[in-house]
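Visitor: Please choose one part of this molecule and take me through it slowly, along with whatever helps me to place it in the whole. I am new to reading structures, so I would rather follow a few careful steps than a quick list.

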Amino acid sequence: MLECDQVGKDNFCKLLKRYVMHKAVSIEPSECNVYFVDSNHGGGGMSDPRVPSFGSRVYCLKVPDGNIEDLSYYRSLRYTFGIPEGVAEMGDALPLHRNVDLMNGIRSDKGCYVGQETSAVALSAAKVRQRTLPFTSDGFVSGNISNSSGERIGTILTCQGNKGLAVVRVTSLKFPSKLNCSNRTITVFMPQWWPKDPLKPNIENQKQHQHSSEEESDVDDEIRLENKFAFLGDSPEDESKGNEKLEVCVEDVQSHIKTTKKKKKNQKRKEKRQNNKEEKRQNIKDEDDLLTSVGNNVETINDSSCGNLVFESDVFKVETRLLNGEAEFRKMVGLKANELRNHHQKRTFGRIVKKKNTWPELRNFGLAMELDHEEPDVLWFKFVHHMSYRTFQQAFWVYADAVNHEGIQGSVIHMWFQEILRECPYHLDSLLVMAEIMRHQEEYQVARDLIERGIFCCENVFPTQFELNNHKHRISYRVFENRAFFLLLHRHMRNMLDRSCFVAALNLAKLIYRLDPVDDPLAITLTIDTLALKAGEYRYLFQLYEALKDSRRLEKLPSFAYSLALAHFLLYYTDHDNDELGRANSSLASAIYHFPTVLIQILDKINIQPDRDIEDNTYMNKIAHERESEGIKHLTEVYVQLSHDLWKEDYILSWLESATRAAVNGLSDHVTEIKEWAKIRKAYVGIPRNVQRHGYLWNVMQNAEWTLFDPAPPYESTSTYGPQARQPSAPVSPLWRFVTSLLPEEDQVIQLNSVVGRAGGLFRQMFALRYTGNAQPPEDPPQQQ
């Protein structure tokens, strides 16, 4: 019988069943309850295996007779003993940070388990820097813990009344010690059952269980210490002779070791020189085989026997080595890893993008990142614009406002944003706009370079506390200062998609979703299915659907309905599994019954004339599509725009024709299902804000009021500052606009003077702040009329 937290009972049972394999083992949840008996209030039950002096545990269906303690008393006593338990308190922390080594929870002589290497390294360390300690206070406390000098040394794990547990850095503490938390004083202390040195990993207690008693083990230790070679002789005389011979042998061995070390050292130098070339070749091979290895790993993880055990944090786990699309692109065009790389080029840095030598020097331009707020098990971070960066942002808003309202276009816009980038080469919004300008001018390499430069700047201001791969470290899109990073990642994802680097694009989509999974601000759920199909990650798509089908209601999205059917068929085409073909046909039939008008839109997009039976069908034709709700039509248009090229292959069209004909012939047997889903589709009234933003970024929806650097702003937007108020201009009659349009030079000069005057004032403020060191920038001088 295994005891676990009630919260994770079902998941723990599924996890155990996952490793049953073909063994005759039955794993079922037990109906027994757990009761606690204090050791001071009577016996009974089984001693707690973590700390025997803590008390006993009783497993039974009903409340037993005896001194059974209630939950509040149990929790209070557990805090006094410093024993954390449960998912909420244990979390994802290292076992030694939760005192697991002190509570008989780690065996150093066991191997081949998840986390073995991490535990082995921690046990071999000289000290454990963090421990979970009990504390007392004069009231409820939460948050960070600091010492007398104000340095943060820990955080509150849990608190009830005036007792609780805290994770504290214990390297410089003396017990008991008074610390500060939430404007209160807490006293952390070391439990009585702890060893004398709590900083040392406790692995000695594991060896004691191997002996029958402590006395026998002590006797054996004394014998071994007195004479380690006693088994070589039968008498003390033989023992002394053996020791004399041993001393002579040791001297000979030491002299021999000195001579052999020099030979080995020279030999290692020669081998190192010879192996340099082999290591380079092996690195090239590893980089070229990167995508193949990932595909094999996905197939191993996505075994059909464990398809029900899927977690959102697992399917959106980002592999940073796959974010760089250069290796994928080189493999696609048949180049080796070093053919595009200079022989004397230094190693590049960066996890999302790699730094290029052609980029300007990255200095402090006023962009930073810090912790915004904390939620239970989640840390929210935000970017911060300091005074110098705000000045450039204000000038950018002036130029953008002139483009939107005053109609200035052409090379003047190019010149303005280049001026900002000349003074601040890493201004994010200017990089976004300039990249779009370069893309329209078909300067695709320059556009990609500008986007990657902005991402590299954001990556370099990440605080050490922020972990890119941690699912609990997030960035909210509602904060204005964070949006440029999201939009840069999205544009970078599209660039990878345009270069057919589908694996890199898929991992970038995972990263964008992981940064804000609550709101999904860029509607990645409408894109990731297509990216998974293009990357060949068919099994990953099934795993993704299992993870999000309940929370995101993926079964009500037409994109996933058709993508799952196509994934089953592509898996059949590659593995020749007839079961997958059956799943593909049934999935496509369900997709047609639930979203019948999507098929006609796909065929129309790829210029395929549908059969007469399909074209005249009242559920599937274009007239039925026009009768659909606004939301369904938008979702259909988005899916067709992104995935229509997947349906162009001849073998896919052949299967689509036969499967569609079979589904249409069975429409009469599914009329009730079709009508029920017709009612469901009518509920798609309106378009959510993130879906609107998604359509704008993929050029499916247009809105003159939105901008490239802030499309479809969130309704609950927050920012620490905003653009300066724009001076309203006098109304102009249509006749006057027509007359002035005949004189573009004069009108252009007037508008340029106005805009450049406003932007120039902002730049003067920035320069004055930079060179004078004033806390506040000087006011703008009055404009000359």
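**Strands, and then a helix looked at closely**

Guide: Strand β1, which covers residues 33-38, runs antiparallel to β3 and is joined to it by six bridges. Before going further, please keep in mind that everything described here belongs to a predicted model. Within that pairing, Val34 stands opposite Tyr59 of β3, which gives you one place to check by eye. Strand β3 also pairs with β2, a strand made of residues 46-47, again in the antiparallel sense and over two bridges, and here Met46 faces Arg57 of β3. Strand β3 itself spans residues 55-60, and five of its six residues are buried, so the rest of the structure largely encloses it.

A second group of strands can be read in the same manner. Strand β7, residues 163-169, is mostly covered, with five of its seven residues buried. Strand β4, residues 130-137, runs antiparallel to β7 and is joined to it by seven bridges, and Leu133 has Ala166 as its bridge partner in β7. Strand β6, residues 152-160, is likewise antiparallel to β7, with six bridges between them, and one of the partnerships there sets Gly154 against Val168 of β7. β6 and β7 form a hairpin with two residues between them, and in its turn Gly161 has a positive phi of about 65 degrees.

A third group is an open sheet of three strands, in the order β10-β11-β12 and with mixed pairing. The strands at its edges are β10 (367-375) and β12 (473-475), and each has a single partner strand, so one side of each is left without a neighbour in the sheet. On average, and with direction ignored, neighbouring strands of this sheet are turned by 35 degrees against each other. β10 runs antiparallel to β11, residues 378-385, and eight bridges join the two; one of the positions to look for is Glu375, which stands opposite Val378 in β11.

The part that I would like you to study most closely is helix α19, residues 558-575, together with what lies against it. Its axis and the axis of helix α18, residues 538-548, come within 9 Å and cross at roughly 145 degrees, and the crossing is left-handed. On the α18 side, the contact is made by Tyr538, Arg539, Leu541, Phe542, Leu544 and Tyr545, while α19 contributes Phe560, Ser563, Leu564, Ala567, His568, Leu570, Leu571, Thr574 and Asp575. When the residues of this contact are sorted by character, ten are nonpolar, three are polar and two are charged.

Now turn to the aromatic rings of α19, remembering that the whole model holds 24 aromatic pairs. The rings of Tyr562 and Tyr639 have centres 6.4 Å apart and planes at 35 degrees, so this pair counts as tilted, since a tilted pair is one whose angle is neither under 30 degrees nor over 60. Tyr562 lies in α19 and Tyr639 in helix α24, residues 630-643, so that the pair links distant parts of the chain, 77 residues apart. Both Tyr562 and Tyr639 are buried.

A second ring pair, that of Phe569 and Tyr572, is tilted as well, at 6.0 Å from centre to centre and with 45 degrees between the planes. Phe569 and Tyr572 both lie in α19, three residues apart, which is about one turn of the helix. How covered are these two? Phe569 is buried, with a relative accessible area of 4%, whereas Tyr572, at 22% relative accessibility, counts as partly exposed; the reason is that buried means under 20% and exposed means over 50%, with partly exposed in between.

Rings also gather elsewhere, as in the cluster in which ring pairs link Phe381, Phe383, Phe462, Phe466 and Phe485.

To place these parts in the whole, note that the protein chain has 29 helices and twelve strands, and that buried residues make up 43% of its 785 residues. Among the contacts in the chain with a separation of 6 or more, 69% are between residues 24 or more positions apart.

Notes
Residues are numbered from 1 along each chain as its sequence is written. This is a predicted model: local features need pLDDT of at least 70, side-chain atom pairs count only at pLDDT 80 or more; totals for chains, interfaces and linings use all residues. Side-chain values use heavy atoms; hydrogens and water are left out. Two strands pair if DSSP finds at least two bridges between them. Helices (H or I, at least four residues) and strands (E, at least two) are DSSP runs, numbered from the N terminus. Axes are lines fitted to C-alpha atoms, for helices over the stretch in contact, and angles run from 0 to 180 degrees between N-to-C directions. A crossing is left-handed if the near helix is turned anticlockwise from the far one by less than a right angle, and right-handed if clockwise. Contact means heavy atoms within 4.5 Å. Ala, Val, Leu, Ile, Met, Phe, Trp, Tyr, Cys and Pro count as nonpolar, Asp, Glu, Lys and Arg as charged, and the others, Gly among them, as polar. Buried means under 20% relative accessible area, exposed over 50%, partly exposed in between (1.4 Å probe, protein chains only). Rings of Phe, Tyr and Trp (its six-membered ring) pair if their centres lie within 6.5 Å; planes under 30 degrees apart count as stacked, over 60 as edge-to-face and the rest as tilted.
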